[in-house]
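Biologist: I have the sequence and the model open. Can you take me through it, starting with one of the helices?

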Amino acid sequence: MKITIDNIEVEVQEQETLLQIAHRLGKKIPSMCFAEGKEHKPSCMVCMVKNAANGQMIPSCSTHPTEGMQIVTDSEDVLDLRRMSLELLLSDHRADCEAPCTTVCPKGLNIERVLWYYDTNRYSEAKRYIAAVFDLPNIGCDDCPKSPCEKVCRRGMVDQHVEIREIVRKMSQAPDPEPDDRPLPTGKAKMFTSKLGHFSAKEKEWLKVSTDVPSGCLHCACAAQEVCKLRKYADECGIKSPRYGVSSDLPFKVKKHVIGRLWFEPAKCIRCGLCVYNTNDGFTFKGRGFGMQVVIPDESRSHVSEEIANLCPTGALYLED
Ligand code: SF4
Ligand code: SF4
Ligand code: SF4
Ligand code: FES
């Protein structure tokens, strides 16, 4: 059978999907709820294409070709629809990609990382990282008197901002780092970052007790910031913040330990179903419609393996460092 994709005539097999055919031709089509060779059900609508033969918009990940199709992958209306799908996903996504302290640091220091080293007693790694960022590590933050990082620190919304400057000073004066030839974290990319509003009273109470770490840091940044498909596509579409506001009332930063190094953060789940359809009785959907959530019943944890984190298109499932 023959169809056209962006006016290119192509011979296709009826069991192929439009997404597979388009990829074969080197076309780029985003997809969130699809993973090659895995069970999936179309839900995200980010992979939409148009059949110009009848004007229909169709999900390419789950539509097979039929004779005479004239598929368009990159027209304005197709891109608008994909963008709208992404904005809808973001509107139900209560999370942040980067910690605000790091975003405003004029030196480009990944503050959240330094505080993570501090909270996990990795002074040597912290000192090595600080030395790579500052020209004069012993001076550190001392020539940055306005402390923009402390002004935007989210812990301040809960009670008291994290003493970032003091902790950076302490880390930079730690004993010399042990030799280590592992690569240092790369500089941060200026990319899309989802916006988070104020904390609810309930969240503040929860954050106070759940972030009882030496620095007091909430560790705002997302574990998936470098690999998240939602962030990557939002950035490619030029989305600055969700058009529809944020409707999710799932609490920020509530995370649940699954097994081993695997953690689950429900507020970052887009309910794509990949974890549900690809674990045997592990994850499951609870509820219906807008209130639907992914859950992991306690008795099902042993059915889950850490590898499932690689299937998750967002930071909802991740492996702790
Ligand atoms: S899951 Fe993606 S979009 Fe959401 S906070 Fe993390 S990196 Fe940002
Ligand atoms: S709580 Fe931690 S990560 Fe969040 S803004 Fe404050 S210092 Fe940065
Ligand atoms: S946890 Fe990840 S893989 Fe599972 S439904 Fe949510 S977004 Fe999809
Ligand atoms: S990737 Fe096709 S509907 Fe999600």
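Modeller: This is a predicted model. In helix α2, the buried residues are Arg82, Ser85, Leu86, Leu89 and Leu90. They take up an arc of only 140° around the axis, which puts them on the same side of α2.

Biologist: What covers the buried residues of α2?

Modeller: The cover includes β3 (48-51) and α10 (229-236).

Biologist: And which exposed residues sit on the face turned away from the buried side of α2?

Modeller: Glu76, Asp77 and Asp80 are the exposed residues that this face carries.

Biologist: What span should helix α2 have, and how far apart are its end C-alpha atoms?

Modeller: Helix α2 has 16 residues, 76-91, so at 1.5 Å a residue it should span 22 Å. Its end C-alpha atoms are 22 Å apart, which agrees.

Biologist: OK, on to α8. Which residues of that helix are buried?

Modeller: Helix α8 covers residues 164-172, and its buried residues are Ile164, Ile167, Val168, Met171 and Ser172. Their arc around the axis is only 130°, which places them on the same side of α8.

Biologist: What do the buried residues of α8 pack against?

Modeller: Their partners are α3, α4, α5 (123-133) and α6 (148-152).

Biologist: Switching to ligands. Which residues come nearest to ligand 1?

Modeller: There are 14 residues around ligand 1, and Cys97, Cys222, Cys228, Thr314 and Gly315 come nearest. By type, the shell has 6 nonpolar, 5 polar and 3 charged residues.

Biologist: How many residues surround ligand 2, and which are the closest?

Modeller: Ligand 2 is surrounded by 15 residues, with Ala99, Cys101, Cys153, Cys217 and Cys220 the closest. The elements giving two or more residues to that shell are α3 and α4.

Biologist: Which element gives the most to the shell around ligand 2?

Modeller: That is α4, with 3 residues. The shell around ligand 2 divides into 11 nonpolar, 1 polar and 3 charged residues.

Biologist: Then ligand 3. Which residues are the closest there?

Modeller: Cys269, Cys272, Cys275, Cys312 and Ala316 are the closest of the 15 residues that surround ligand 3. The split for ligand 3 is 12 nonpolar, 2 polar and 1 charged.

Biologist: Where are the domains?

Modeller: The domain assignment gives domain 1 as 2-74 and domain 2 as 96-221. Taken over C-alpha atoms, the centres of domain 1 and domain 2 are separated by 44 Å.

Biologist: Some single residues now. Where is Ser60?

Modeller: Ser60 is in the loop between β4 (56-59) and β5 (70-72).

Biologist: Is Ser60 buried or exposed?

Modeller: Ser60 is buried, because it has 27 C-beta neighbours inside 10 Å and 20 are enough to count as buried. Leaving out residues up to four places away in sequence, Ser60 touches Thr17, Leu18, Leu19, Ala22, Ile29, Cys47 and Val49. The C-alpha atoms of Ser60 and Val114 are 43 Å apart, with the two positions 54 residues apart along the chain.

Biologist: And Lys107, where is that found?

Modeller: Lys107 lies in the loop between α3 (100-104) and α4 (111-119). With 15 other C-beta atoms within 10 Å, Lys107 is partly exposed. Not counting residues up to four places away in sequence, it touches Val133 and Phe134. Lys107 and Cys144 are 37 residues apart along the chain, and their C-alpha atoms are separated by 9.1 Å.

Biologist: I want to check the backbone too. What is phi of His219?

Modeller: Phi of His219 is near 50°, a positive value in a residue other than glycine. Most residues other than glycine have a negative phi. His219 sits in the loop between α9 (201-210) and α10. It is partly exposed, with 18 other C-beta atoms within 10 Å.

Biologist: What about phi of Asp281?

Modeller: Asp281 is not a glycine either, and its phi is positive, at about 60°. Asp281 is in the loop between α11 (274-277) and β8 (284-286).

Biologist: Is Asp281 buried or exposed?

Modeller: Asp281 is exposed, because 11 other C-beta atoms lie within 10 Å and 12 or fewer count as exposed.

Methods
Residues are numbered from 1 along each chain as its sequence is written. Chains are lettered from A and ligands numbered from 1 in the order in which they are written. This is a predicted model: local features need pLDDT of at least 70, side-chain atom pairs count only at pLDDT 80 or more; totals for chains, interfaces and linings use all residues. A residue is near a molecule or strand if its C-beta atom, placed from the backbone, lies within 6 Å of it. Ala, Val, Leu, Ile, Met, Phe, Trp, Tyr, Cys and Pro count as nonpolar, Asp, Glu, Lys and Arg as charged, and the others, Gly among them, as polar. Helices (H or I, at least four residues) and strands (E, at least two) are DSSP runs, numbered from the N terminus. The expected span of a helix is 1.5 Å times one less than its number of residues. The arc is that of the directions from the helix axis to the C-beta atoms. Two residues are in contact if their C-beta atoms, placed from the backbone, lie within 7 Å. Domain bounds come from an automatic or database domain assignment.
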